[in-house]
Amino acid sequence: MELRHITSFLVLAEELHFGRAAARLHMSQPSLSLQLQQLERRLGVQLVARTSHSVRLTRAGEAFRCEARPLLGQLDRAVEAARRAGLGPSGALRIGFNFPAGRRVIVPTLSLLRDRYPEMRTSLLQQHTSGQLTELRHSRLDVAFIYGSCDDKGLCQRSILTLPVVGICSSDHPLATGERVRWPDLARYRCALPSQSTSPALNEAVTTAARLNGLDFSGTEVLDDGDAAVVMVASQEIVIFASSVRAEAVSMAGISTLSFVDTVPEVTVYATWRDADSNPAIPLFLDAMQEAAQARAEHAR
């Protein structure tokens, strides 16, 4: 008897709907039906009565559900206990992150970790993509949150957030009219980008969107310090580019955000870690991150 079959049955018992249960389990309805059939054959009884209009548990299904639920709960606790023991008294996690991850991911994930593993120590480093990757490759970080995917065979990645890129300028800038901006309109004004070497994905997103609309940003001024760039925007007639999360967080008076009519550049934040890393805190962190993301999605509905 396979645990995945029992898990699938318990989700179906909660939903009493094959479509919703399959969606929760991230599988197709035929796969769910096949797992149920295999479980019923193994037990020698029918667990679910299904018609074209309804799904209900049989008496055998109700009895199995009542006994199986605490069994899986005990298994989860056993897994948790093993992970805690493997973590040991010196469990530690070094996390690098960019601005959006710090705002949207790190806080809820670490809150879950603190509740479950109070003995785990974490250290944080906010840095650009290239700096984080250097630290990760030299084993000075355990998990990094960076813009864009990378083709390093020694690294694993999971996409976390995809965000639009916007322009930021002073409120008295000629483009700060409240209307969306066309890319060719930027040609008349001073602009600045994060460098290709420091933040390649953000740089590429903006330069590609500009090029698709007939604007060449190849020689554009470079500004890699996000906080300094915002201060410059407040005092000079210049447009910088940043994720929507950073733009939302700018609370300085006299700052405006520019959205685009045409191609809207986007950047994706990836959680990144070394494939060969045996630190037991990493899978615990990734599990908590996934759970926090699901809670955020459900709250947004």
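Which strands and helix are included in what covers the buried residues of H6? The cover includes strands S3 (92–97), S4 (121–126), S5 (143–147), S6 (155–170) and S11 (266–274), together with helix H7. Keep in mind as you look around that this is a predicted model. Let's begin with the whole chain and then visit some individual residues.

**The chain as a whole**

- If you count the elements of the fold, you will find ten helices and eleven strands.
- The radius of gyration is 25 Å, well over the 19 Å that the globule rule gives for 301 residues, so the chain is more spread out than a compact globule.
- You can also describe the C-alpha trace by its extent along the principal axes, which is about 75 × 50 × 35 Å.
- Of the 301 residues, 44% count as buried.
- Take the contacts between residues at least 6 apart in sequence: 75% of them join residues at least 24 apart.
- The accessible surface comes to about 15,900 Å², and carbon and sulfur atoms account for 50% of it.
- As for charge, there are 32 positive and 32 negative side chains, with the centres of the two sets 8 Å apart.

**Helix H6 and what follows it**

- Helix H6 covers residues 129–137, and its buried residues are Thr129, Gly131, Gln132, Leu133, Glu135 and Leu136.
- After H6 comes Ser139, a residue in the loop between H6 and S5.
- Ser139 has a positive phi of about 60°, although it is not a glycine.
- With a relative accessibility of 38%, Ser139 counts as partly exposed, because it falls between the 20% limit for buried and the 50% limit for exposed.

**A second positive phi: His26**

- Here is some background for reading these angles: most residues other than glycine have a negative phi.
- His26 is a residue other than glycine, yet its phi is positive, near 60°.
- You can find His26 in the loop between helix H2 (18–25) and helix H3 (29–43).
- Is His26 buried or exposed? It counts as exposed, at 70% relative accessibility.

**Two buried residues of helix H7**

- Helix H7 spans residues 200–212, and Thr207 is part of it.
- Thr207 counts as buried because its relative accessibility is 12%, which is under the 20% cut-off.
- A polar atom of the Thr207 side chain lies 3.3 Å from the backbone oxygen of Glu204.
- Beyond its neighbours within four places in sequence, Thr207 is in contact with Leu193 and Phe217.
- Asn203 also has its place in helix H7, and this residue is buried, with a relative accessible area of 11%.
- Which residues does Asn203 touch, not counting those up to four places away in sequence? They are Leu193, Pro194, Ser195 and Gln196.
- Leu193 therefore appears in both contact lists, that of Thr207 and that of Asn203, while Asn203 itself is buried.

**Ala21 in helix H2**

- Ala21 lies in helix H2, and its relative accessibility of 0% makes it buried.
- Setting aside neighbours within four places in sequence, Ala21 is in contact with Val11, Leu12, Glu15 and Leu32.
- Although Ala21 and Ser8 are 13 residues apart in sequence, their C-alpha atoms are 7.8 Å apart in space.

**Gln126 in strand S4**

- Strand S4 contains Gln126, a partly exposed residue with a relative accessible area of 45%.
- Leaving out neighbours within four places in sequence, the contacts of Gln126 are Phe97, Phe99 and Arg246.
- The C-alpha atoms of Gln126 and Phe145 are separated by 9.2 Å, and the two residues are 19 residues apart along the chain.

**Ala276 in a loop**

- Ala276 is found in the loop between S11 and helix H10 (281–300).
- Its relative accessible area is 75%, so Ala276 is exposed, being over the 50% limit.
- How many residues apart in sequence are Ala276 and Cys156? They are 120 residues apart, while the C-alpha to C-alpha distance is 9.3 Å.

How values were computed: Residues numbered from 1 in each chain as written. Predicted model: local features only at pLDDT ≥ 70, side-chain atom pairs only at ≥ 80, totals over all residues. Heavy atoms only, no water. Helix = DSSP H or I, 4+ residues; strand = E, 2+ residues; numbered from the N terminus. Buried < 20%, exposed > 50% of the residue type's maximum accessible area, 1.4 Å probe, protein only. Polar contact = N/O pair within 3.5 Å; in protein donor to acceptor, adjacent residues only side chain to side chain. Contact = heavy atoms within 4.5 Å. Rg over C-alpha atoms; globule rule 2.2 N^0.38 Å. Areas by Shrake-Rupley, 256 points an atom, 1.4 Å probe, with all protein chains shown as cover. Lys, Arg positive; Asp, Glu negative; His and termini not counted. Charge placed at Lys NZ, Arg CZ, Asp CG, Glu CD.
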